[in-house]
There are 2 protein chains.
Amino acid sequence: MEEIDPLGPTPVYRQLARILRERIASGDLAPNRPIPSEAQLRQQYGIARGTARRAVQVLRDERLVVTVTGRGTYVRPRP
Amino acid sequence: MEEIDPLGPTPVYRQLARILRERIASGDLAPNRPIPSEAQLRQQYGIARGTARRAVQVLRDERLVVTVTGRGTYVRPRP
DNA sequence: TACCATTTGTCCGTATGTATG
DNA sequence: CCATACATACGGACAAATGGT
């Protein structure tokens with residue numbers, strides 16, 4: 001799994017956003033399927049939940065995912 | 001029918017409580033008559049049952065309705 | 001009596017939303 | 001950025017109560 005460098009010049013949340021973006025582009029995270037929950041991202045990448053949220057927020061702003069309260073965040077199908 | 005905005009700053013259960021309060025005030029929901037069941041509220045407003053329950057709880061706290069287990073929740077007559 | 005459908009009561013697990021150090 | 005806490009919301013499961021068959 002792609003690693004995150006907490007030191008490097010790029011903010012962690014941006015690194016995670018890029019990783020998730022690539023996982024979506026590659027089909028690893030498929031349309032209409034949920035991406036890992038914030039808790040899972042936290043565990044899998046060794047980051048704080050707030051940082052995971054921020055990364056997901058980036059993808060929301062890019063319209064790559066849609067979030068449903070109480071359910072999760074899903075990969076948006078291509079129109 | 002009045003809509004609920006799952007986003008917006010006001011919690012869904014409060015929005016539903018306000019809607020039901022207005023339906024009672026307008027007479028749409030009449031004294032000694034049942035309000036929609038939790039299952040009906042769930043369907044009609046597209047929310048979870050727990051959220052519907054919470055809205056009804058608000059009205060109970062305001063003494064606007066009375067709930068009978070196994071029967072339903074009824075609009076309280078004005079004293 | 002024994003079911004049965006409906007409704008409310010309760011509990012659990014999971015996830016997101018927000019706020020504070 | 002991290003850590004914590006609490007609120008809000010969804011979904012499922014089962015129990016208790018009610019009224020009818």
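**Note on the protein–DNA contacts and a helix pair of chain A**

1. In this predicted model, 22 residues surround DNA strand D, and those that come nearest are A:T51, B:V12, B:Y13, B:T51 and B:R54. Sorted by class, the surface near this strand consists of 10 nonpolar, six polar and six charged residues.

2. On the DNA side, sugar or phosphate supplies 88% of the atoms of strand D that lie within 4 Å of the protein, and bases supply the rest. The phosphate oxygens of strand D are approached by both protein chains. A polar backbone atom of A:V12 is 3.3 Å from one phosphate oxygen of DNA strand D, and a polar backbone atom of B:A48 is 3.0 Å from a phosphate oxygen of that strand. From the side chain of B:R54, a polar atom lies 2.4 Å from a phosphate oxygen of DNA strand D. The elements that contribute two or more residues to the surface near strand D are helix 1 (12-25) and helix 3 (49-61) of chain A, together with helix 1 (12-25) and helix 3 (49-61) of chain B.

3. Around DNA strand C there are 21 residues, of which A:R49, A:R53, B:E38, B:R49 and B:R53 come nearest. Of the atoms of strand C that come within 4 Å of the protein, 57% belong to sugar and phosphate. The class division of the surface near strand C is one nonpolar, 12 polar and eight charged residues.

4. Particular contacts with strand C involve chain B. The side chain of B:R49 places an N or O atom 2.6 Å from a base nitrogen of DNA strand C. For B:R53, an N or O atom of the side chain is 3.0 Å from a phosphate oxygen of DNA strand C, whereas B:E38 has a polar backbone atom 3.0 Å from a phosphate oxygen of this strand. Two or more residues of the surface near strand C come from each of these elements: helix 3 and strand 2 (72-75) of chain A, and helix 3, strand 1 (65-68) and strand 2 (72-75) of chain B.

5. How do helix 1 and helix 3 of chain A pack, and at what angle? Their axes are 8 Å apart and form an angle of about 50°; the two helices are therefore oblique to each other. Their crossing is right-handed.

6. In the contact between these helices, A:V12, A:Y13, A:L16, A:A17, A:L20, A:R21 and A:I24 of helix 1 meet A:T51, A:A52, A:R54, A:A55, A:V58 and A:L59 of helix 3. By class, the contact comprises 10 nonpolar residues, one polar and two charged.

Conventions: Residues are numbered from 1 along each chain as its sequence is written. Chains are lettered from A and ligands numbered from 1 in the order in which they are written. This is a predicted model: local features need pLDDT of at least 70, side-chain atom pairs count only at pLDDT 80 or more; totals for chains, interfaces and linings use all residues. Side-chain values use heavy atoms; hydrogens and water are left out. A residue is near a molecule or strand if one of its heavy atoms lies within 4 Å of it. A polar contact is a pair of N or O atoms within 3.5 Å; within protein, one must be able to donate a hydrogen and the other to accept it, and residues adjacent in sequence count only if both atoms are side-chain atoms. Helices (H or I, at least four residues) and strands (E, at least two) are DSSP runs, numbered from the N terminus. Ala, Val, Leu, Ile, Met, Phe, Trp, Tyr, Cys and Pro count as nonpolar, Asp, Glu, Lys and Arg as charged, and the others, Gly among them, as polar. Axes are lines fitted to C-alpha atoms, for helices over the stretch in contact, and angles run from 0 to 180 degrees between N-to-C directions. Angles under 35 degrees count as roughly parallel, over 145 as roughly antiparallel, 65 to 115 as roughly perpendicular and the rest as oblique. A crossing is left-handed if the near helix is turned anticlockwise from the far one by less than a right angle, and right-handed if clockwise. Contact means heavy atoms within 4.5 Å.
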